[in-house]
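Hi,

Here is the structure I said I would pass on. Have a look, and my notes follow underneath.

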Amino acid sequence: MCFFLDTTKLSDEMKAEYKSYGFNIDNANCLITSALYEKGKTYYVTGYNDGTENYTANLTVKTHTHTIKKDNEDNVKVNKDGTSGEAGGKYETCTCGYCNYIEYTENYKQIVGTTVKNAVYTGKKLEPAVRIETADGKKLNKKYYTVSYESNKKVGKGKVIIKFQNGYTGTVKKTFKINPKATTATFKKLKGGKKYYVRVRTYKEVSGKKYYSAWTKAKTTTVKK
C-alpha cells in the first residue's frame, strides 16, 4: 500500500526534515512512503501534528500484486584451490516504483573444499569421484559444474578439470594419483624353523617419483625344519 501527500506548501527545511526520516519527495512534490500489509488484518492510519499545523491526506487503498523483476545475481566465484569466500543468490524486485519490494534468496552456498579420490591402474581411462563440499556439510549438486579428465590412464599423475556454472563461476584444476595394482610374491631360501610375517606392495617410478600400490594383507607362516 502506498501513501501520497501534497507537499507544495512545505518549506525547504520541512522537506529536508521529512527526507531525514527516510521519506522520498519526488518531482511532483508528493511525499511517498510505502508499507506492505497482510491480507485479512485491520490497520489504522493517524494524522501527524508537528506542533504548528495539522496535515491531512486522502488515502486510496488498492490491492497490489507485485510485478517481479529478477535483478542481477550474486554468483559464487570459486578460487583455484576449489574453495569460495562467500555464498551467493538472487534478487527480486517489484517494478511498480513505489512499494520498494526487494527479496533476496541465497541459492548458492559457500564452497569449503574440492577433492578428488586417487585411483588404481586398470589399463583403462579412470574417472575418480570428485567431491565439492558446501559450508552446510553437503555435496554440491552436479548441475553446478562439469568435470573432464586428462592423463588418466597410466600410472602416475592424472588431471581433472572442474568448470563451474549456473550461479557458480571459475575453473578448478586438480591432480590425483594413479597407483599400481597390488601384487603377491613368492619367497624362497627361507630358513627352517623360523616364523615369518610378510606383506608386500609394488611401486613404479614415473618422472622421478615413486607411485606405490596398497599393502597386501599380512601373512604369517612357519618354515618347517
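Leaving aside its neighbours within four places in sequence, which residues is Lys 69 in contact with? Tyr 91, Glu 92, Thr 93 and Thr 95, where contact means heavy atoms within 4.5 Å.

Before the rest, two bits of housekeeping. This is a predicted model, so local features need pLDDT of at least 70 and side-chain atom pairs count only at pLDDT 80 or more, while totals for chains, interfaces and linings use all residues. Residues are numbered from 1 along each chain as its sequence is written, and side-chain values use heavy atoms, with hydrogens and water left out.

Back to Lys 69. It sits in strand 6; helices (H or I, at least four residues) and strands (E, at least two) are DSSP runs, numbered from the N terminus. Its C-alpha atom is 5.3 Å from that of Thr 93, although 24 residues separate the two along the chain. Lys 69 is partly exposed, at 47% relative accessible area. On that scale, buried is under 20%, exposed is over 50%, and partly exposed lies in between (1.4 Å probe, protein chains only).

Now the charged pairs. I count a salt bridge when a side-chain nitrogen of Lys or Arg is within 4 Å of a carboxyl oxygen of Asp or Glu, and that rule gives three:

- Lys 90 with Glu 73, closest N and O atoms 3.6 Å apart. This pair links distant parts of the chain, with Lys 90 in strand 8 (residues 88-94) and Glu 73 in strand 6 (residues 68-74), 17 residues apart. Lys 90 is partly exposed at 28%, and so is Glu 73 at 36%.
- Glu 106 with Lys 109, again with 3.6 Å between the closest N and O atoms. Glu 106 is partly exposed at 43%, as is Lys 109 at 32%.
- Glu 133 with Arg 131, at 3.6 Å between the closest N and O atoms. Both ends are partly exposed: Glu 133 at 29% and Arg 131 at 32%.

Last, the inside. The largest nonpolar core (buried Ala, Val, Leu, Ile, Met, Phe, Trp, Tyr and Cys residues joined through side-chain atoms within 4.5 Å) has 20 residues. Strands 10 (111-116), 12 (130-134), 13 (145-150), 14 (156-164) and 16 (171-179) each give two or more residues to this core. Ile 111 is one of those with the most contacts inside it. Not counting residues up to four places away in sequence, Ile 111 touches, among others, Val 78, Ile 132, Leu 140, Phe 164 and Tyr 168. Glu 133, from the third salt bridge, also touches Ile 111.

Cheers
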